[in-house]
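Me: Could you choose one part of the structure shown below and take me through it closely? I am a first-year student, so please go step by step and then say how that part sits among its surroundings.

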Amino acid sequence: MEVNEGGGSHPPASIKRLRPTDEGGGVGAGRSDCGDERDAYLPYYKPNYKRLYPENSTNTDFKVYVESTNDDRLGNKSPIYLNHIFAMDIKGVTGIQRVNANKIAVIFKQYNTANNFINNTTFLTKYDMKAFIPAAQIEKTGIIRFVPANISNKELYTRLSSVYEIVAIRRFSKKVGQERIALQTVSITFLSNVLPNNVQYDLFSYRVFEYIPPLLQCYRCFKFNHSAKICNGKQRCSICGGEHLYKQCDKPTEISCINCSGPHLAISRLCPIKIKKISEKKSNISYASVALTKQVTTNETDFPPLPPPKPQLVNSNVIVNKSVNISANKSDVNKVKIVPSKDLKNQIISNNDVLMALVQTLVELANKDDSTPTNMKTIKDALLKNLT
């Protein structure tokens, strides 16, 4: 079975797509040490890794996500209450934002004050909260391909080297029957905002590609880019689009997508709305990565340079010999030998507007009175006038 290992499109149901976690104390939660053969392909994480902002972080704002450890929805708490407890007990806070009903973002201007807040167990325990840094703030995940399946994630972590610290190794897999088969594509999470160009396995260099996580679809309302955990929409049926669970559907033959009204399930990969969302996701990530990589690696803050302008028709593929000066009708004209290329000739011949402009210019020059000088400037002005 052929698998699109580059990421970007929605995978078949049998393909397990991996993504970095955003919660807990970093990607190290629930890690495997690959103690036996069955664990060889479980995700492997840097031992005792806790997600904290590094000293050389390129961030301008240092965000820390905060959630409640009980059933309270922290994002729906009163701003007055949140302002009070953070202003009173936490130093260095410059702002608080609502992320969703369950989560807020506490913003710091310095990396060390953000890290101190994450380690402030006294405050977090007092108010039944947990704090963590969103992975996108300090980590970047890429993929490498054609990695032999007999190399475990632990061995990859031990043997791979990079200009940026590696904090997690995950291998893609697919399910065949009741067995899960390891693929030759591996995702690598770096402690960096950008990806390295390559990683080294001893002497062998693997090129690193951008990892594009699968499109997130809510299994409550079946819209995109949010999860059922934070969904405020109505429960919809993935079969008929009605306001009930799919298990309660009494119209299993009347299939209708909730997003496009097409004759397919709401989770179908054939949905044109889903295809469009995936395409937009790939485009947005690609340009953002190019811009961020340029800024970090070259310390430049400007946009990537614009492509060079296309050559103008009258100036392209022309060989000029200025050493030849001959006289024709006017003695003061500096004659320039112009040898158009074959491509330029074909362009001129096939363009009626250019041909008409040249003919009209020649007619005007032949009929003009002798009091007006004939030189390169007057010829050029006449031609440009007839081209516009």
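Reply: A residue counts as buried when its relative accessible area is under 20%, as exposed when that value is over 50%, and as partly exposed in between. With that cut-off in hand, Tyr206 is simple to place: its relative accessible area is 10%, which is under 20%, and therefore Tyr206 is buried. Please keep in mind throughout that this is a predicted model.

The part I would choose for a close look is the group of charged side chains around Glu67. Side chains of opposite charge can pair when their charged atoms come close. The structure holds ten salt bridges, and one of them is formed by the side chains of Lys103 and Glu67, with 3.8 Å from N to O. This pair links distant parts of the chain, since Lys103 belongs to strand β5 (residues 103–108) and Glu67 to strand β3 (residues 62–68), with their positions 36 residues apart. Are these two partners buried or exposed? Lys103 has a relative accessible area of 12%, so it is buried, and Glu67, with a value of 5%, is buried as well.

Glu67 also meets the side chain of Lys130 in a salt bridge, where the distance from N to O is 3.6 Å. Because Lys130 lies in strand β6 (residues 129–132) while Glu67 lies in strand β3, this pair ties together parts that are 63 residues apart in sequence. The setting of Lys130 is not that of a buried residue, because its relative accessible area of 32% makes it partly exposed. Through the salt bridges that share partners, Glu67, Lys103 and Lys130 are joined into one network.

For contrast, it helps to look at another salt bridge. The side chains of Lys234 and Glu243 meet with 3.6 Å from N to O, and in this case both Lys234 and Glu243 are exposed, whereas Glu67 in the network is buried.

Next come the aromatic rings, which can be read in a similar way. A pair of aromatic rings is described by the distance of the centres and the angle of the planes. There are eleven aromatic pairs in the structure. In one of them, the ring centres of Tyr53 and Phe62 are 4.9 Å apart and the planes stand at 90°, so this pair is edge-to-face. Phe62 begins the range given for strand β3 (residues 62–68), the strand that holds Glu67, and both Tyr53 and Phe62 are buried. A further edge-to-face pair is made by Phe204 and Tyr206, with 4.8 Å from centre to centre and 70° between the planes; its Tyr206 is the buried residue with which we began. Ring pairs also link Phe86, Phe108, Phe117, Phe123 and Tyr127 into a cluster, and Phe108 is the last residue in the range of strand β5 (residues 103–108), where Lys103 lies.

Charges and rings come together in two further places. Lys77 lies over the face of Tyr81, at 5.7 Å from the ring centre, and the charged end of Arg145 sits over the ring of Phe209, 4.1 Å from the centre of that ring.

To set all this in its surroundings, it is useful to step back to the whole protein chain, whose secondary structure comes to nine helices and 15 strands. Of its 388 residues, 35% count as buried. Among the contacts in the chain with a separation of 6 or more, residues 24 or more positions apart account for 60%, and the pairs of Glu67 with Lys103 and with Lys130 show how such distant positions can meet. The chain exposes about 23,900 Å², of which carbon and sulfur atoms supply 53%.

Part of that surface can be named: Tyr219, Ile255, Leu265 and Ile267 form a nonpolar patch there, with about 340 Å² of accessible area together. Tyr219 has its place in the loop between β13 (209–210) and α6 (272–298), and it counts as exposed because its relative accessibility is 53%. A loop residue need not be exposed, however: Ser192, in the loop between β10 (179–190) and β11 (198–201), has 9% relative accessibility and so counts as buried. Leaving out residues up to four places away in sequence, Ser192 touches Ile138, Glu139, Lys140 and Tyr164.

Methods. Residues are numbered from 1 along each chain as its sequence is written. This is a predicted model: local features need pLDDT of at least 70, side-chain atom pairs count only at pLDDT 80 or more; totals for chains, interfaces and linings use all residues. Side-chain values use heavy atoms; hydrogens and water are left out. Helices (H or I, at least four residues) and strands (E, at least two) are DSSP runs, numbered from the N terminus. Buried means under 20% relative accessible area, exposed over 50%, partly exposed in between (1.4 Å probe, protein chains only). Contact means heavy atoms within 4.5 Å. Rings of Phe, Tyr and Trp (its six-membered ring) pair if their centres lie within 6.5 Å; planes under 30 degrees apart count as stacked, over 60 as edge-to-face and the rest as tilted. A charge sits over a ring if NZ of Lys or CZ of Arg is within 6 Å of the ring centre and within 35 degrees of the ring normal. Accessible areas come from the Shrake-Rupley method with a 1.4 Å probe; for residues, only the protein chains shown count as cover. Patches are made of residues with over 30% relative accessible area and no salt bridge: like charges are joined within 9 Å, nonpolar side chains (Val, Leu, Ile, Met, Phe, Trp, Tyr) within 5 Å. A salt bridge is a side-chain nitrogen of Lys or Arg within 4 Å of a carboxyl oxygen of Asp or Glu.
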